[in-house]
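Q: Could you take me on a close look at a single part of this protein? I'd like to follow one residue and its surroundings.

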Amino acid sequence: MKVAYIGLGIMGRPCVENLLKAGHEVWVWARRRESAEPLLAQGAHWADSPQALAANVEVLVTNVSDTADVEAVLLGEHGVVHGARPGLVCVDMSTISPIGAREIAARLAASGIDFLDCPVSGGEVGAINGTLTIMVGGKAAALATARPVLQAMGKTITHIGDSGAGQVAKACNQIAVGVGVAAVAEVMKLAKACGVDPAPVREALLGGFASSRVLDVHGQRMIDDNYAPGFKARLHQKDMGIVLDTAASLGIKLPEAARVAGLIDQLVANGEGELDSSAIARLIWQDND
């Protein structure tokens with residue numbers, strides 16, 4: 001298919017590489033052309049603006065930082081909406097607010113453009129390997145059009161529901177990961193306080209009902225005291241802000257999510273926002289209250 005991609009960072013670049021490997025014809029745009037050069041060398045095409053990008057393609061993918069960035073590239077001056085033909089499917093793989101996703105979908109629909117909110121889980125490794133978990137909100141027909149593109153980037157593609165539903169699923173994912181990290185950190189804290197090596201404790205738990213990807217991956221990070229980022233704390237901070245803002249708009253309380261968000265806030269305030277968010281373990285181990 002003819003595909004466009006906006007956002008060539010730690011996740012976007014390997015996603016484009018996988019689209020090229022799958023045989024798709026790919027156009028790219030980024031704020032800095034130099035970030036696109038490695039992809040242009042692999043056969044991608046450059047466009048001078050999101051507006052110009054949209055004129056060439058059937059599916060357009062965005063993978064940027066936040067809701068405002070998605071709005072800017074899709075709806076702003078020289079944005080996608082000004083160059084797209086009716087029938088274009090816009091796939092947003094960013095993590096943004098569910099309310100924002102619904103508003104963007106409605107504004108694009110007025111121009112005959114379909115919008116799928118498709119946040120992902122799996123991190124840089126999943127992007128490189130093309131094994132991302134993709135959570136989809138939007139019309140089933142639009143997903144059918146975009147599925148060959150998504151299949152080049154992800155292993156698990158789940159249609160959650162209407163617009164915004166993908167972002168709801170991602171918010172739930174971020175709660176589960178964050179609270180899971182805090183639980184594993186407390187496991188390690190108790191083991192060490194009892195004079196027991198946490199490494200075989202982790203190994204034992206992985207064989208039972210407490211097994212999880214968080215215990216497997218982040219438990220090992222904690223044992224190694226190695227927090228090289230798979231998912232940076234400053235990005236998890238942004239996502240947990242979305243979680244708590246959404247909860248507040250609904251009038252519900254999420255006490256464990258709020259506790260984890262506070263720990264991530266503290267980590268970022270300590271100047272450690274570039275570390276993996278599982279580094280909150282260090283704060284939990286320091287806290288003896």
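What follows is a walk around one aspartate and the stretch of chain it belongs to.

Q: Where does Asp239 lie, and which residues does Asp239 touch, leaving aside those up to four places away in sequence?

A: Keep in mind that this is a predicted model. Let's start with the wider setting. UniProt, in an unreviewed entry, places a "3-hydroxyisobutyrate dehydrogenase-like NAD-binding" domain at residues 164-284. Over that stretch the chain is 73% helix and 0% strand, with 33 Å between the C-alpha atoms at its two ends.

Now zoom in on Asp239, which sits in helix α11. Asp239 counts as buried because its relative accessibility is 2%, and the cut-off for buried is under 20%. As for company, Asp239 touches Thr95, Lys170, Gln174 and Phe231, if you skip residues up to four places away in sequence. There's also a link to Lys238: the side chains of Asp239 and Lys238 are joined by a polar contact of 3.1 Å. Tyr227 is 12 residues from Asp239 along the chain, and their C-alpha atoms are 19 Å apart.

Next, have a peek at the loop between α10 (213-224) and α11 (233-250), where you'll find Asp225. Asp225 has 42% relative accessibility, so it counts as partly exposed. Its backbone is worth a glance too: phi of Asp225 is near 50°, a positive value in a residue that isn't glycine. For background, most residues other than glycine have a negative phi.

Note on methods: Residues numbered from 1 in each chain as written. Predicted model: local features only at pLDDT ≥ 70, side-chain atom pairs only at ≥ 80, totals over all residues. Heavy atoms only, no water. UniProt positions renumbered as here; feature names shortened; annotations may be inferred. Helix = DSSP H or I, 4+ residues; strand = E, 2+ residues; numbered from the N terminus. Buried < 20%, exposed > 50% of the residue type's maximum accessible area, 1.4 Å probe, protein only. Contact = heavy atoms within 4.5 Å. Polar contact = N/O pair within 3.5 Å; in protein donor to acceptor, adjacent residues only side chain to side chain.
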